[in-house]
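Let's walk through a structure together, one feature at a time. Have a look at it first, and then we'll talk.

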Amino acid sequence: MLFALRAAFFFILGVAIVSAGPLEPRPTRKCASAITPARKTSAAYHFTSHRIHYDLKNIKGPHKPIDVYFHVIQKDNTTTGGNIKSSQIDKQLQILNHDYSSTGLFFRLKKVSRTLNSTWFRSAGPFATYDIQSEMKKKLRVGGRRDLNIFTVGFETGDTLGSLGYANYPIDYARVPWDDGVVILYSSLPGGTMESYNEGRTATHEVGHWAGLYHTFQGGCEGDNDEVDDTPAQANPTYGCPAGVDTCPGGGVDPIHNFMDYSFDSCMSEFTKGQVARIRDQMATYRNSTS
């Protein structure tokens, strides 16, 4: 799968087929960042210079929920054509609120739209088909910088084939507000058909990017990695749920249970305190999330 980006700060969460022996292949999660070291350094400088330190203790009254606009893209009215059930969307919101409970973020489903468009369903993505996803988002995206738009598609053709999802960073909103949001594979929702990745953690992972997090293995064993101090350095993404792997000796075992790794959905269960602090501050700095 080729990973390239035409508008900085996208993350692609994909599925590649690898051999599991002579009988049949099994899917594995695969992801790649298109952020160049120079762009990452620039973003870090901007964040450091403009950072709003957000303390939940300073909030008066209930924390304002994040409105979620869920856009179901279908190529037809069948389940395999992307016609996901409303109950799956409700369950996905439950999963998001469970997974983000430590961050202070609360997601509230505001509206569900359903669109029959086989081209968007099959080909939406940030690569050679960028104009297709641009058309989709410009037509459907609603709300402001603090509103979460989730699009479900099929990733069936070209460079999008096999993807699980992608998202853009908070810092991008000021430059391309129409492009903001998360795009995920329809079958990765809870109860979907994507084996090992159908418990809703693809959305959790991609919303992590939308809220300002890098992958746990960003940068490998050197440098600032994911710019979070309490996630052990990690040379490679995790596939499956292998215990005790340590790809960067000296800093602790790989964080295979972290939502920002690539483990099976059933293996993912946590954000670190450092990630929580980064989410809060990224949201406060770039998404006006201070109430």
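**Bridges and hollows**

A: Let's start with one cysteine: C267 is buried, as its relative accessible area is just 3%, where buried means under 20%. Keep in mind that this is a predicted model.

Q: Which cysteine is joined to C267 by a disulfide?

A: The general idea is that a disulfide is a covalent bond between the sulfur atoms of two cysteines. Here C241 is the partner of C267, with 2.1 Å from S to S. Both C241 and C267 sit in the loop between α5 and α6, so their link ties together parts that are 26 residues apart in sequence.

Q: Is C241 buried or partly exposed?

A: C241 counts as partly exposed, because its relative accessibility is 39%. C267, on the other hand, is buried at 3%.

Q: What is the handedness of the link of C241 and C267?

A: Look at the angle about the S-S bond: for C241 and C267 it is 65°, and the link is right-handed.

Q: How many disulfides does a search of the whole structure find?

A: The search turns up two. Besides the one you've just seen, there is a disulfide between C221 and C248, whose sulfur atoms are 1.8 Å apart. Again, both cysteines lie in the loop between α5 (201-210) and α6, so the pair ties together parts that are 27 residues apart in sequence. This link is left-handed, with -85° about the S-S bond.

Q: Where do C221 and C248 stand on accessibility?

A: C221 has 36% relative accessibility, so it counts as partly exposed. C248 has 6%, so it counts as buried.

Q: What is the pairing when the bonded cysteines of the chain are numbered in sequence order?

A: The pairing reads 1-3, 2-4.

Q: Let's turn to empty space. How many cavities of 30 Å³ or more does a search of the whole structure find?

A: In general, rolling a probe the size of a water molecule over the atoms shows where empty space is left. In this model, the search finds two cavities of 30 Å³ or more. The largest cavity has a volume of about 80 Å³.

Q: Which residues lie nearest the centre of the largest cavity?

A: Twelve residues line the largest cavity, and those nearest its centre are A43, I171, Y214, R278 and Q282. At least two lining residues come from each of α1 (37-50) and α6 (273-286).

Q: What classes of residue make up the lining of the largest cavity?

A: Eight of the lining residues are nonpolar, two are polar and two are charged.

Terms used: Residues numbered from 1 in each chain as written. Predicted model: local features only at pLDDT ≥ 70, side-chain atom pairs only at ≥ 80, totals over all residues. Heavy atoms only, no water. 1 Å grid on protein atoms, 1.4 Å probe; cavity = no way out; pocket = protein on both sides within 12 Å on 5 of 7 lines; lining within 4 Å. Points joined across faces, edges and corners; volume = space filled by probe spheres on them. Helix = DSSP H or I, 4+ residues; strand = E, 2+ residues; numbered from the N terminus. Nonpolar A, V, L, I, M, F, W, Y, C, P; charged D, E, K, R; others polar. Disulfide = S-S within 2.5 Å. Buried < 20%, exposed > 50% of the residue type's maximum accessible area, 1.4 Å probe, protein only.
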